[in-house]
Amino acid sequence: MNKYLKPSSRIRIITLAILTLGIFSAASVRLMQFQIVEGKQHYEEAVTKTTSTYQVQASRGDIVDRYGRILATSEVAFNVVFDWSFVNRKQLNQTIHQLIGLFKQSGVAWVNELPIDYNGGNYLFQSGKESQIDKMKKKIVIGLYADEQNCIDRMMERYEINDYPVIEENGTYQFDESKSKEIKEFQQQLQSTLNLSKEQTQTAQQCMEAVLANPSKFPYYTQQEAFEIAVVRYTMENREFSVNNRYTFAENISEDTIVNIKEHGYLFPGVDVVQETSRVYKNEDVASHLLGFVGPIYAEEYAELKKRGYQLNDIVGKSGVESLMENELRGENGEVKITQNAQGDIISTQTTVEAIAGNTVRLTIDYEFQKRIQQIVTDFMVNGNYQKTMHDSPGAAVVVLDNKSGEVLACVSYPNYSMEQFKNDYASLSEDPLKPMYNRALYGLYAPGSSFKPIVGTAAIMEGLENRNSTIYCSNPYREFGETYQPRCLQDHHSGSTNILEALHWSCNIYFYDTGRRMGIDKINEYATQMGLGVDTGIEIGSAKGRVASRELSEQLDGVWNPGSVAQASIGQNYTQITPISMACEAMTIANKGVRYQTRLIDAVLDYEGNILTEKESSVANEGFVISDEAYEAVKDGMILAGQKISGASSLRSLPYQVAVKTGTPQTVSASRTNNDFVAFTINGEDSISVSCMIEGAGSGASGLLRAILDAYDECKNLGIVESNPQYPQDFDEILS
């Protein structure tokens, strides 16, 4: 030791040395404890702990109406799931059987994607599900010509249900002699498991009596029970149940069912109740054709969707707005890491990626207005005073557009359906001869009949063939096409010299035969196209384009175009077939003096907090097309006169604004059946709307709906404005009151 060090310095050095030695000694002891005393335990933990990464499903965004009312949303629900990591695959059939038993006692349904029904020993393919049946046959690896029994037999073998080498006939059992190896293994298994002798397992009858006496060790199911297990096993396979993809057995279960499952959890290894989001449609049957639906991802879709970050247990939009706006609605899934010990107990959980909820999609439709029109149309079709020209119940469609933007305010197709029906009774919906899932408003193709006449009248004045006061002589028959074709006019309240106002007022056929003949079909088509007929109207979820009669179309359809064909085309017949939304576009174009907007259903996309991310603007579909004031005023005034013919409770005369209307009674392919329709627009400034309506199989009466539709629009618009601009108390006295 350095003799020059002070005593205090020596003490500090000695103290530091002792402290350092103590720390190293403690560390050595702890290290010895880890490596020697507890080494085996920590090694076993290290090799037996498992860490799994699970997806946390993002909440799907809402779909709301123009005033923010929720149409579709995601709500928290309790679902029953199978987890591959904890399922005892040797006992899987028995687990399913016991779980089904519990659900049947509670009267609760479970997921079923097998396109086969069972009824007292008979199996039947579900009608209307040909594609699902073909997919099933490929999935279970059986020929496409296999019948129902073949498919069920294949599933019993594939899923090892009642997998014993015996054949049952009239309550007696015989060995399946084609399975000699399996018979021997079966006998040996019975002997070793149940301590039976060879003499006690000689015959199939003896073996099966032993099986039936020991169901816990050798399950054997009735035909009904076996079918129910096959349903679940096939649905599991169809949903790609795997270590990375949980299988959802049932959705949105009740609290009683949750308690039952938890109390009997020992019977269901690998089964759990989890809290997940479920798609809920608040609209019942309102706008179902527009909203569409969501569904699970299937194998044939997954290859593409996987590139976009989807997991097999995600849901995806299948049709309508749900499909169109999938990227906005889906959100971003999160991730959580779960660490478990060898016994399967959860040691820790860690959220590594937070889930981000999907965006909100705001539509242009008014929920209350859409709902009211559906009620109006349904009441009219069921109880309405209209002349039916067909024996079966007809369909109908109504479309309402905002003339200043092309926004779809309502789009109704009758008959309708609810999402609950779609989910629980798809087979009945798909077999219904009235086709309730068919969107007549967007895809129904109809001859417009006389509601086409405003197009021809507009073209006649624009092309200088007629003016407001010029007349055409209406006399029967019209002879300008020669002796072979002489069409007639009903001459309802008119005859002789007729101008365009009276021609639209009383729907004079001869006026339009003559103007159409002189103008020619090409010019008629030009104006019809500008007004939205036979072209894409722009609506985002898609619609049929339809077609307008022409020489080329006639030749394509193996018809003969002759001079008289233009006469029929001029009154909306011949080969013209258009959609109700196209008819509404016709009215909108006239109301706007030539401006036709692209129709649209999507208004904006908002984030989870209600901030606007993107807002869709209106766009003109026919730039440069203008209807002159002369043509507009003449056609408008003629249509106003036509609207004034509507009488009684449906009269338009007491409205505070004018309404231009044109009705039609087009013939169909059946000579004994006609449809009845109308197009209309209101003349009330910024609140101007256009309406189209088509009633299948009606001879008259459609125009009786118009007043109810206009009243509903005025009432619902005011209601929406109030709801979206709530009035809050402004001072203390108001709060107290």
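Visitor: Which strands does helix 14 lie across?
Guide: Helix 14 (residues 367-383) lies across strand 16, strand 17 and strand 24 (689-695), and runs at about 30° to strand 17. Helices (H or I, at least four residues) and strands (E, at least two) are DSSP runs, numbered from the N terminus. Lying across rests on contact, meaning heavy atoms within 4.5 Å. Angles run from 0 to 180 degrees between N-to-C directions, and axes are lines fitted to C-alpha atoms, for helices over the stretch in contact.

Visitor: What sort of model is this?
Guide: This is a predicted model, in which local features need pLDDT of at least 70 and side-chain atom pairs count only at pLDDT 80 or more, while totals for chains, interfaces and linings use all residues. Residues are numbered from 1 along each chain as its sequence is written, and side-chain values use heavy atoms, with hydrogens and water left out.

Visitor: Back to those strands. What is the order in the open sheet of five strands?
Guide: The order is 17-16-24-23-22, with antiparallel pairing. Two strands pair if DSSP finds at least two bridges between them.

Visitor: And which strands stand at the edges?
Guide: Strand 17 (408-414) and strand 22 (658-664) do; each has a single partner strand, so one side of each is left without a neighbour in the sheet. On average, neighbouring strands of this sheet are turned by 10° against each other, direction ignored.

Visitor: How many bridges join strand 16 to strand 17?
Guide: Six bridges join strand 16 (residues 396-402) to strand 17, and the two run antiparallel. Leu401 has Val408 in strand 17 as its bridge partner.

Visitor: What comes after strand 17?
Guide: A loop between strand 17 and helix 15 (419-424), which holds Pro415. The peptide bond joining Tyr414 and Pro415 is cis, with omega about 0°.

Visitor: Where is Pro477, then?
Guide: Pro477 is in the loop between strand 18 (472-474) and strand 19 (496-498). A cis peptide bond joins Asn476 to Pro477, with omega about -10°.

Visitor: New topic: which strands form a hairpin?
Guide: Strand 20 and strand 21 do, with five residues between them, and Gly610 in the turn has a positive phi of about 95°. Strand 20 (residues 602-606) and strand 21 (residues 612-615) are antiparallel and paired over three bridges. Leu606 stands opposite Ile612 in strand 21.

Visitor: How do helix 3 and helix 9 cross?
Guide: The axes of helix 3 (residues 92-106) and helix 9 (residues 255-263) come within 11 Å and cross at roughly 145°.

Visitor: Which residues meet there?
Guide: Leu99, Leu102, Phe103 and Ser106 in helix 3 meet Thr257, Asn260 and Ile261 in helix 9.

Visitor: Phe103 is an aromatic residue; which cluster do ring pairs link?
Guide: Ring pairs link Phe82, Trp84, Phe103, Trp110, Phe241, Tyr247 and Phe249 into a cluster. The structure holds 20 aromatic pairs. Rings of Phe, Tyr and Trp (its six-membered ring) pair if their centres lie within 6.5 Å; planes under 30 degrees apart count as stacked, over 60 as edge-to-face and the rest as tilted.

Visitor: Which ring does Arg330 lie over?
Guide: Arg330 lies over the face of Tyr310, at 3.7 Å from the ring centre. Arg66 lies over the face of Tyr67, at 5.9 Å from the ring centre. A charge sits over a ring if NZ of Lys or CZ of Arg is within 6 Å of the ring centre and within 35 degrees of the ring normal.
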